[in-house]
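The following account leads the reader through one molecular structure, from individual backbone features to the cores and the ligand site. Please keep the sequence and the coordinates in view while reading.

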Amino acid sequence: MMDSLELEIDRSSSRALYLQIADAVRERISRGQLHPGVKLPSTRAVARQLGVHRRTVIQAFNVLELDGWVTSGVGQGTFVHDRAGIEGAGPAGAATSGQPVPDDPSAHTGGFDWEPRLAHGPDRSSDFWRFWLRNRPPEDCIRLTGATADPELFPAGELREVMGEVLRTQGASALDYGPPEGYPPLREWLAGRLEDRGVRVDPAQVLIVNGSQQGMDLLARLLLEPGDDVLVEEPGYTNGFRLFQAHGAQVTGIPMDAGGLQLDRLDAACRQHSPKLLYTMPIFQNPTGLVLAEDRAGPLLEICARHQVPVLEDHFDADLAYGCEPPRPLRARDDAGRVILLGTFSKILFPGLRLGWLVLPRALVGPMSEIKQMTDLSSSLLAQHAMDLFCRRGLLDRHLERIRQVNRTRLQVLLEALEEALPPGAFWTRPQGGMTLWVRLPEGLDSLELLHQSRRRGLDFSPGPLFFPNGGGSEFLRLTYVRETEERIRQGVKILGSVIEENADRVSAEPAARPFL
Ligand SMILES: Cc1ncc(COP(=O)(O)O)c(C=O)c1O
């Protein structure tokens, strides 16, 4: 083993330290100064030599490994990889799955530098986000990740028939632009559906959007100005709070406990920030799977009324209840027109049609239609025709029954597997619906480090920092149970359990009362 890597880093550079270390090692390998098979000094030794945190060196070595420059085995060390025969091996690496997305070539070629021209937005420069945005999991991993249904279960055949029928009966008119507010019969169907959930709404208040993600974006355009404050749940939905940050908002996370949002913290944050919006998922929250306690719904609305804060209620997976009646949406209790309800077909049918909906207070319908029109003129009329027919035929309800059953079993399998595989000191939520659950790791473990090791063995999960708008969360991870088969869920949890065991020297058993959030 070498004693020292003799690297230099530039602390005044805007390039993250771990990337500088990875660059330097990569360059030494490319120049033949480090030969295949050579064992690199330990991360601890490199950290000491460079005066950086050991985690920085671990991240650098992980980047190099994912790029195929080095290999490592738990407890054995890190070795220069023999790259002979690796297709396309080159300094920037290849953008295939399981490898880093290459850096901006300008960093290597002296081309146009876009970095300083990027608008202020969500964090892209912290170690975590640099890693996350540059690296993808290997393609064949067991995916306990994402909030995405299992594509194997999509009722594609039924959709094909429905699409055919729309084209036969509507002909070319289904291929025209539609009204910006959406296809009226689908808006009517949704209003009827919501009435069953206690939400009384005029179809004119329902707007069709390209997935609920667009609904959030349009609302941010309508309500937010740079510097405005937005409150979100912490942990919360990544592409929700990052979207608000992309619109220039200051995002503050409100902690949760087993009963959902902590209302005293919400009240304090409203007083401190005078927020423009509260974004919340009271039913089967992403990532925790938790439900807002029944006795918190009224007080939550009272707090928002007192501080004049509008509420964006994300209903994304509220129909995925397994064995319990989901609570009424907040919108069902709102008689002041303060709550905007956001929904989607993505989690109960197929995300590929990109159809979601907003239920708006009357005052926002006009301005929102205008923004929708300015953004994309209208959502696909063909898709809306097909969705309308699909729902009216009862095909959505039939599909829902099926996936609720499949998901319930998968959740059960996941819970049992966790019970078997995870050591004392790990805690997790036990949701009654939705798509994901939330794990608190035993003291001392870091979910990103575990992710590196898990990906090497074929498991992908979502590390905790993804769900924290302003950093933190490394002691948590999110597991998705709706996308993989029972067998693969069991295999995935075994991998997770063994990775945790191997890091066990840092695990200390905690008292059972330790909270999971
Ligand atoms: C909580 C939550 N809301 C909204 C969305 C957006 O989904 P879509 O745009 O497909 O409706 C997602 C997607 O993962 C989500 O997890």
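At 41% relative accessibility, Leu377 counts as partly exposed, where buried means under 20% relative accessible area, exposed over 50%, and partly exposed in between (1.4 Å probe, protein chains only). The structure is a predicted model, in which local features need pLDDT of at least 70 and side-chain atom pairs count only at pLDDT 80 or more, whereas totals for chains, interfaces and linings use all residues. Residues are numbered from 1 along each chain as its sequence is written, and side-chain values use heavy atoms, with hydrogens and water left out.

Leu377 is found in the loop between α12 (362–376) and α13 (381–392); helices (H or I, at least four residues) and strands (E, at least two) are DSSP runs, numbered from the N terminus. Although Leu377 is not a glycine, its phi is positive, at about 70 degrees. Arg354 likewise is not a glycine and has a positive phi, of about 55 degrees. Arg354 lies in the loop between β10 (339–344) and β11 and is partly exposed, with a relative accessible area of 34%. Most residues other than glycine have a negative phi, and most peptide bonds are trans. Against the second part of that rule, a cis peptide bond joins Glu234 and Pro235, with omega about 5 degrees, and another cis bond joins Asn286 and Pro287, with omega about 20 degrees. Pro235 is found in the loop between β5 and α9, while Pro287 belongs to the loop between β8 and α11 (294–306).

The loop that holds Pro235 leads to helix α9. Seven of the nine residues of α9 (residues 238–246) are buried, so this helix is largely enclosed by the rest of the structure. The buried residues are Thr238, Gly240, Phe241, Arg242, Leu243, Phe244 and Gln245. They pack against α5 (127–134), α8, β5 (229–234), β6 (250–257), β8 (277–280) and β9 (311–314), contact being heavy atoms within 4.5 Å. Just after α9, Gly248 takes a positive phi of about 90 degrees.

Strand β8 contains Thr280, which is buried, with a relative accessible area of 2%. The side chains of Thr280 and Glu233 are joined by a polar contact of 2.4 Å (a pair of N or O atoms within 3.5 Å; within protein, one must be able to donate a hydrogen and the other to accept it, and residues adjacent in sequence count only if both atoms are side-chain atoms). Leaving aside neighbours within four places in sequence, the contacts of Thr280 include Val311, Leu312, Glu313 and Asp314.

In helix α15 (residues 447–456), Gln453 is buried, with a relative accessible area of 14%. Beyond its neighbours within four places in sequence, Gln453 is in contact with Val499 and Asn503, and a polar contact of 2.9 Å joins its side chain to that of Asn503.

Attention now turns to the nonpolar interior. A nonpolar core is a set of buried Ala, Val, Leu, Ile, Met, Phe, Trp, Tyr and Cys residues joined through side-chain atoms within 4.5 Å. The largest such core has 107 residues, and Phe345 and Leu479 have the most contacts inside it. Helix α14 (residues 395–421) gives the largest share of this core, eleven residues. A second, separate core of 29 residues includes Val209, Ala220, Phe241 and Met281. In soluble globular proteins, nonpolar side chains tend to be buried together.

Leu358, in strand β11 (residues 356–359), is buried, with a relative accessible area of 0%. Not counting residues up to four places away in sequence, Leu358 touches several residues, among them Val206, Leu207, Val209, Ile340 and Met368.

Which residues come nearest to the ligand? Of the 15 residues around the ligand (each with a heavy atom within 4 Å of it), they are Ser212, Asp314, Thr344, Ser346 and Lys347. Helix α8 (residues 211–223) gives the most to this shell, with four residues. A polar side-chain atom of Asp314 lies 2.6 Å from a nitrogen atom of the ligand. Oxygen atoms of the ligand lie 2.7 Å from a polar side-chain atom of Lys347 and 3.0 Å from one of Asn286. Taken alone the ligand exposes 390 Å², of which the protein buries 92%, with areas from the Shrake-Rupley method and a 1.4 Å probe; for residues, only the protein chains shown count as cover.
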